[in-house]
Amino acid sequence: MGTVLLALLPTLAAGVWFFGLRALLLTLVSVASCVASEWAFRAVTKSPGSIADGSAAVTGLLLALTLPATAPYWLAAVGGVFAIVVVKGLSGGLGQNIFNPALAARAFLMLLWPAWLVRYAPAGAELPLFGSTADVVSAATPLHDMVMPALPAASPADMLLGNIGGCIGEVSALALLIGGAILLGRKVISWRIPAAYLGTVAFLTLVFYKGEDPVAWMLYSLLGGGVMLGALFMATDYATSPALPAAQLVYGVGCGALTVLFRYFGLYPEGVTYAILLMNACAWALDKALPPVRFGAVRGGKAG
């Protein structure tokens, strides 16, 4: 958990750089809500474990990164309680939850308060540290442009660095890639899920492109929205993803295919949250259906 927190620091730093101290305070509220909920739930239910394992802090940080900096602080607090108590605690605790707590909380917030989750401030906007953000001019994200369909006005360099509107943790693809490299380098995650996820999105958007430039459409599809955050940090969650190699590849392909499907035909321009949650529900079945072949045996047969 400590390595995951370390790997997320570049992304958080980029979010604070582009959206100001409000992004940092919103993150602190989210983390505090998750940690407090973890402590309270374990105290009431007398469950074993400790908040020192860092899992609640990771959930709070990931949840905050999926929110726009204009979101009210109470929204992050409510999301934190839902993630820890409902998604994680009532499922049996750490490692027993079927769905990624941060993404499930985001889906819950989107269901009840969608207006707050689609108000994106432009990069560099002066957001009030306290008080309402209702007067902040909402900016269209690159994915909104692509729904039209049209290539975004932002350049690929802007999307790589983070000089665009969007959620706190999705704007800087470079910061996410740095964090992903840390996780891969320290062998916290396997390459299979991110590679299969991003490779599927790249392939499908290259083949089924919109506009006149398939390569540009593919590049913007990878850099825009929450694909990088989802592929590197959400889909790779140990508790909610398959453990076996073949299952991980199929899982990643499923996440990528559903993301493109929801982006092309869904109500909202983004599809990462629901794509990963649906594949979370299939993780156990994939592990069961795609076991590793023992040495000297053939799949579906006996040892020779």
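**A walk through two pockets and a loop**

The second largest pocket holds about 240 Å³ of space. What you are looking at is a predicted model, and this pocket is a good place to start. Its lining is made up of 18 residues, and those nearest its centre are M110, Y268, P269, E270 and G271. Three elements, α5, α7 (142–147) and α14 (272–289), each give two or more residues to that lining. By character, the lining of the second largest pocket splits into 10 nonpolar, five polar and three charged residues.

Now let us turn to the largest pocket, with about 440 Å³ of space. Here 23 residues form the lining, and M1, V4, V58, D237 and Y238 lie nearest the centre. If you trace the helices around the largest pocket, you will find that α1 (2–19), α3 (55–65), α5 (101–112) and α12 (227–234) each supply at least two lining residues. The largest share, four residues, comes from α3. The lining of the largest pocket counts 14 nonpolar, seven polar and two charged residues.

Our last stop is a single residue, Y209, which you can find in the loop between α10 (192–207) and α11 (214–223). Y209 counts as partly exposed because its relative accessibility is 38%, which falls between the 20% limit for buried and the 50% limit for exposed. Setting aside neighbours within four places in sequence, Y209 is in contact with P214, W217 and Y264. To get a sense of distance, look from Y209 across to A69: these residues are 140 residues apart along the chain, and their C-alpha atoms are separated by 31 Å.

Note on methods
Residues are numbered from 1 along each chain as its sequence is written. This is a predicted model: local features need pLDDT of at least 70, side-chain atom pairs count only at pLDDT 80 or more; totals for chains, interfaces and linings use all residues. Side-chain values use heavy atoms; hydrogens and water are left out. On a 1 Å grid over the protein atoms alone, a cavity is a set of points where a 1.4 Å probe fits but cannot get out, and a pocket is an open set with protein on both sides within 12 Å along at least five of seven lines; lining residues have an atom within 4 Å of a point. Grid points are joined across faces, edges and corners, and a volume is the space filled by probe spheres set on the points. Ala, Val, Leu, Ile, Met, Phe, Trp, Tyr, Cys and Pro count as nonpolar, Asp, Glu, Lys and Arg as charged, and the others, Gly among them, as polar. Buried means under 20% relative accessible area, exposed over 50%, partly exposed in between (1.4 Å probe, protein chains only). Contact means heavy atoms within 4.5 Å.
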